[in-house]
Amino acid sequence: MKKHNKYPNLFEPIKIGQTILKNRFVHTATVTGYGADTSPTPKLINYHQTLASNEVAMIVTELMPVHSTSIANPFLVSAYDTKNSKLFSKWASAVSDEGSHLIGQIGHVGRQQLWNPLSTPLSASAEPDPLSWTVPRKMSLSDINDVINGFIGSAQILHEAGFSGIELHGAHGYLLTQFMSPFSNKRKDSYGGSLKKRLRIIYEISHKVRDLCGEKFIIGLKMPCDEGVEGGIDKEEAEEIGRIVNNSMPIDYLCFSQGNFSPSLEDHLPDMNFPNRPFQSIHADLKLALPSIPIITVGKIESAEAAENIIKENKADLVGFSRALISDPAFVAKVKQDNESSIRPCIYCNFCWGEIHAGRGMKCIHKADRLNISNTNMIKNKPKIKNRVLIVGGGIAGMESAAKASQYFSEVNLLSNSENLGGKLQWEALLPGRSIINDEISFQKNRIRELGVKVKHCKVTPEIIFNFDPTHVVLACGASFTWPTSLTKSKTIKNIVEATYPLLDKNAELKGTAVIYDQDHTAACYATAELLASRFSRVIILTSKPTIGSKINYISMIGVFRRLLNLNIEIIPFSIPTNYEGNILTIKNPINKNINQINNVTYFTFATPKKPNNELLEPVVNAGIECTLVGDCDSPRGLAGAISDGSKITA
Ligand SMILES: Cc1cc2nc3c(=O)[nH]c(=O)nc-3n(C[C@H](O)[C@H](O)[C@H](O)COP(=O)(O)O)c2cc1C
Ligand code: SF4
């Protein structure tokens, strides 16, 4: 077979167990929330079929419960339930018909029964879960036997349905980790104590599955390379586990991950603040120590080039992707076709994870819409309606709408008030830890350029709009922070965007205390606090709520708190500013009405609910031109809303 000219190692087939995979790309297990009533749905099957038709060699499903005591949410698909057998067959063939392999990730949540208060949490011991403090019941031998049978029965059902294999979910602190780890397993019987005994549950499951499902059935294990907690599995222990597994269990591959349901949870889903491939060096060391078992490495692998180097340098055998494939399910096909510039980049915001943990179906800020995976040439060459569409606003909502409009209409113009495209995201990308946002802006800019959208930078007035004689106007002018209602208006106090711009080009240390009044609760607000901490000796965040960050998913919030605490940034809850004069900021508690003062405040700014910049709507509508409002200009919601509003543009 001819080698891929750019990425010969990534597109080299590999044998896992007795199965040949066509390349090294793996979709690692990803809960989608697309299931319903504990069964797979067409939406879930389509998602994996799309990945398979876009060259992903092996697709690991999402965590599928093996037992009724593990149904954290009914959108998780029950692997143990024969009612799903027919749908499992459909699912497996949807993937195998495209030349890919479907692996069912099976597991039990154990004490992390976070979503279902009615079910009894079970675990190796009665130790509370360190994140939620859920106290489980210590499993009896009969409970253990039941769960082992659940794993075995589930594997048999998936095998009969045509799945290529299973992956035992032994990572992220779920039940199998709870047994594996001395951090959570305090048993003194045959399932606890020595490492061998802690691994016994996996030993029994894997051998029985091999006996019943045969040699050809892939059995994988996702396991921690480092739990990130004191007394838990670290790299040395992971190496020992890998050795025991490889020497005594019929397991065909290991997929390493890190973190458990404790403050180390953020490690399993490194967000934009982490460096690229933050745990790859641990995975590479383990690969070196365990040369005879295939290793999947996963975690913020930022590009095909980085993935190619991992394989070339023998730092893993397979590369796993979850979020990059959520962001663009055609990622691998585009890499194969040398079309990487059209890949819709993941910006590691973890919005997708937040959605499923809020009990909703998985959504990317990019929505996996058809434009996302189609080819821009196809759009360019499609017959168009002869309309002149004018987009006003060069932020993300404007560019997304322009790309969408160019699918249907013959002429699309975009007017931007500012010199550069990207809107407020340009500011956000300058803040600490948020520079990856530039990838989103660049992607949008390239795409509209390729689609032939004409861009003009000028001060937009109604007259300029009318001069274009548009058949349709899309207003994407964003939104502005409103004045804090508790304060008397003043020209010297600026909102967070205006106030921080001047600080971005200066490194000089500034005197006094900086205060942010936070009615925004977004990640940008806390990145601004980090920036201020590098200039001022004291930084305070005021919020009227009991705590901050209500718009951030709880996994990324761990990192927000870690960074704020490391920088000694203070948070004052239940506080509203009522007066700022002579460097004294007066604050009021909205609950008990107590008044306090903060002295030596030399810098005070605010991030408040926004007001749409929709002043152009009236003149456009009065001139009889059809007009659509999109993004924050319609209703301020942030990035996901801005992108999703592109779908308002239809023929
Ligand atoms: C929305 C979402 C759901 C996930 N669900 C699972 C899961 O069910 N089982 C699992 O082992 N890992 C799960 N993960 C973790 C991924 O498999 C992967 O280990 C992690 O996202 C890091 O890879 P990435 O940087 O390519 O996203 C999930 C990740 C995301 C983003
Ligand atoms: S929501 Fe954010 S983290 Fe998730 S796939 Fe999309 S861009 Fe990536």
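**View 1. Domain 2 and domain 3, with C-alpha centres 32 Å apart.** This is a predicted model, where local features need pLDDT of at least 70, side-chain atom pairs count only at pLDDT 80 or more, and totals for chains, interfaces and linings use all residues. Residues are numbered from 1 along each chain as its sequence is written, while chains are lettered from A and ligands numbered from 1 in the order in which they are written. The domain assignment, automatic or from a database, splits the protein chain into domain 1 (14–371), domain 2 (378–481 + 612–648) and domain 3 (494–608).

**View 2. Where domain 2 touches domain 3.** Domain 2 brings 10 residues to the contact and domain 3 brings 13; a contact here is a pair of residues whose C-beta atoms, placed from the backbone, lie within 7 Å.

**View 3. The shell around ligand 1.** Look for 24 residues here, with T28, A29, L63, S322 and R323 the closest; a residue gets in if its C-beta atom, placed from the backbone, lies within 6 Å. Two helices, α10 (323–327) and α12 (351–357), each chip in at least two residues, and α12 gives the most, with 3. Helices are DSSP runs (H or I, at least four residues), numbered from the N terminus.

**View 4. Helix α15, mostly covered.** Of the 13 residues in α15, 12 are buried, with 20 or more other C-beta atoms, placed from the backbone, within 10 Å of their own. Among them are I396, M399, E400 and K404. Why does the length of α15 (residues 396–408) agree with what it should span? At 1.5 Å a residue, counting one less than the number of residues, its 13 residues should span 18 Å, and the end C-alpha atoms are 19 Å apart, so the two agree.

Key:
Contact = placed C-beta atoms within 7 Å.
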